[in-house]
Amino acid sequence: MQKQLSLEKVFSLATKGNQVADGTVNNYKSKRMFCKTHETVMDCYEIPLDHIDTEGMNPARLNDCPEDNVNTIADSLSVKGQDFPISVEWSQDKWCWEIVFGCNRVRGSLRVSQVEDYKNGIPYVKDGHIWTTVFTGDAEEKNDLQIKENFGDKNPEVAGTKDDLVMMIAARIDMGSLDDDRETVLEYITKRAPQFAGRKFKG
């Protein structure tokens with residue numbers, strides 16, 4: 001069941017100082033950044049965390065964002081800054097941005113902005129903000145990106161688990177765009193999450 005946001009939360013998501021969340025990027029600072037998941041340089045926007053639904057579950061993880069992952073990423077962000085953008089898409093129903101990928105980085109950014117130990121914030125990122133790309137594709141493209149982001153060339157400390165990957169593969173099969181025979185699934189995994197292929201893959 002989809003989580004319902006309170007009116008207070010919707011208002012908080014929709015307004016942030018003089019900035020207003022309206023589904024456009026006109027009011028956000030922008031720059032070009034390399035996106036590791038898309039493997040290209042893209043237009044990115046410094047969006048307030050208050051404009052993003054940070055209460056939703058991580059769409060690629062069965063158990064949301066493990067606390068250890070969030071702590072690891074918060075520590076990294078506070079020292080190195082944000083190397084790569086996350087991805088969000090506009091939700092007309094919630095009137096805010098929803099996370100496509102990068103949920104751990106969002107939670108890590110929230111941790112840095114809220115915990116006194118990180119008093120210096122994130123280098124080169126405005127306090128309470130995060131650099132994002134804006135997703136406008138379809139469900140299949142979103143699933144591809146989420147698998148690549150969470151299970152591809154990923155730091156083992158924060159990568160998704162085998163059970164998380166099974167959930168994402170099952171979702172792709174349910175879309176009707178991936179056959180459920182072993183060889184087809186193995187080929188798909190080999191291209192997007194090679195560390196789970198080979199002898200580790202049992203079908």
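The legends below describe close-up views of a predicted model.

**View 1. Helix H5 and its buried face.** Helix H5 comprises the 13 residues 162-174. At 1.5 Å a residue, a helix of this length should span 18 Å, and the end C-alpha atoms of H5 are indeed 18 Å apart, so the expected and modelled spans agree. Asp164, Leu165, Met168, Ile169 and Arg172 are the buried residues to be located in this view. Seen down the axis of H5, the buried residues fall within an arc of 130°, and they therefore line one face of the helix. Val166 and Asp174, on the other side of H5, are exposed. The cover over the buried residues of H5 includes helix H4 (139-151) and helix H6 (182-192). After H5 comes Gly176, which has a positive phi, near 85°.

**View 2. Helix H6 and its contacts with H4 and H5.** Which residues of H6 are buried? They include Val185, Leu186, Tyr188 and Ile189. Viewed down the axis of H6, its buried residues fall within an arc of 160°, so these side chains line one face of the helix. Glu183 and Lys191 are exposed on the other side of H6. Both H4 and H5 are among the elements that cover the buried residues of H6. In turn, H6 is included in what covers the buried residues of H5.

**View 3. Strand S7 and its two pairing partners, S4 and S5.** Strand S7 spans residues 129-134, and 5 of its 6 residues are buried, so the strand is largely enclosed by the rest of the structure. Strand S4 (residues 40-48) pairs with S7 in the antiparallel sense, over 4 bridges. Within this pairing, His129 of S7 is the bridge partner of Pro48. Strand S5 (residues 86-91) runs parallel to S7 and is joined to it by 3 bridges. Here Ile86 stands opposite Thr132 of S7.

**View 4. The hairpin of strands S5 and S6.** Strands S5 and S6 form a hairpin in which 4 residues lie between them. The two strands run antiparallel and are joined by 5 bridges. One position to locate is Phe101 in S6, the bridge partner of Ser87. In the turn, Trp95 has a positive phi of about 55°. Strand S6 (residues 96-101) is mostly covered, with 5 of its 6 residues buried. Strand S5 also pairs with S7, in the parallel sense.

**View 5. The largest cavity and its lining.** The structure contains 2 cavities of 30 Å³ or more. The largest cavity has a volume of about 80 Å³. Its lining is made up of 15 residues, and those nearest its centre are Gly102, Cys103, Asn104, Glu149 and Asn150. The elements that contribute two or more residues to this lining are S6, helix H3 (103-114) and H4.

**View 6. Glu149 beside the largest cavity.** Glu149 belongs to helix H4 and is among the lining residues nearest the centre of the largest cavity. Is Glu149 buried or exposed? Its relative accessibility is 9%; because buried means under 20%, Glu149 counts as buried. Glu149 and Val100 are 49 residues apart in sequence, yet their C-alpha atoms are 9.8 Å apart in space.

Methods. Residues are numbered from 1 along each chain as its sequence is written. This is a predicted model: local features need pLDDT of at least 70, side-chain atom pairs count only at pLDDT 80 or more; totals for chains, interfaces and linings use all residues. Side-chain values use heavy atoms; hydrogens and water are left out. The expected span of a helix is 1.5 Å times one less than its number of residues. Buried means under 20% relative accessible area, exposed over 50%, partly exposed in between (1.4 Å probe, protein chains only). The arc is that of the directions from the helix axis to the C-beta atoms. Contact means heavy atoms within 4.5 Å. Two strands pair if DSSP finds at least two bridges between them. On a 1 Å grid over the protein atoms alone, a cavity is a set of points where a 1.4 Å probe fits but cannot get out, and a pocket is an open set with protein on both sides within 12 Å along at least five of seven lines; lining residues have an atom within 4 Å of a point. Grid points are joined across faces, edges and corners, and a volume is the space filled by probe spheres set on the points.
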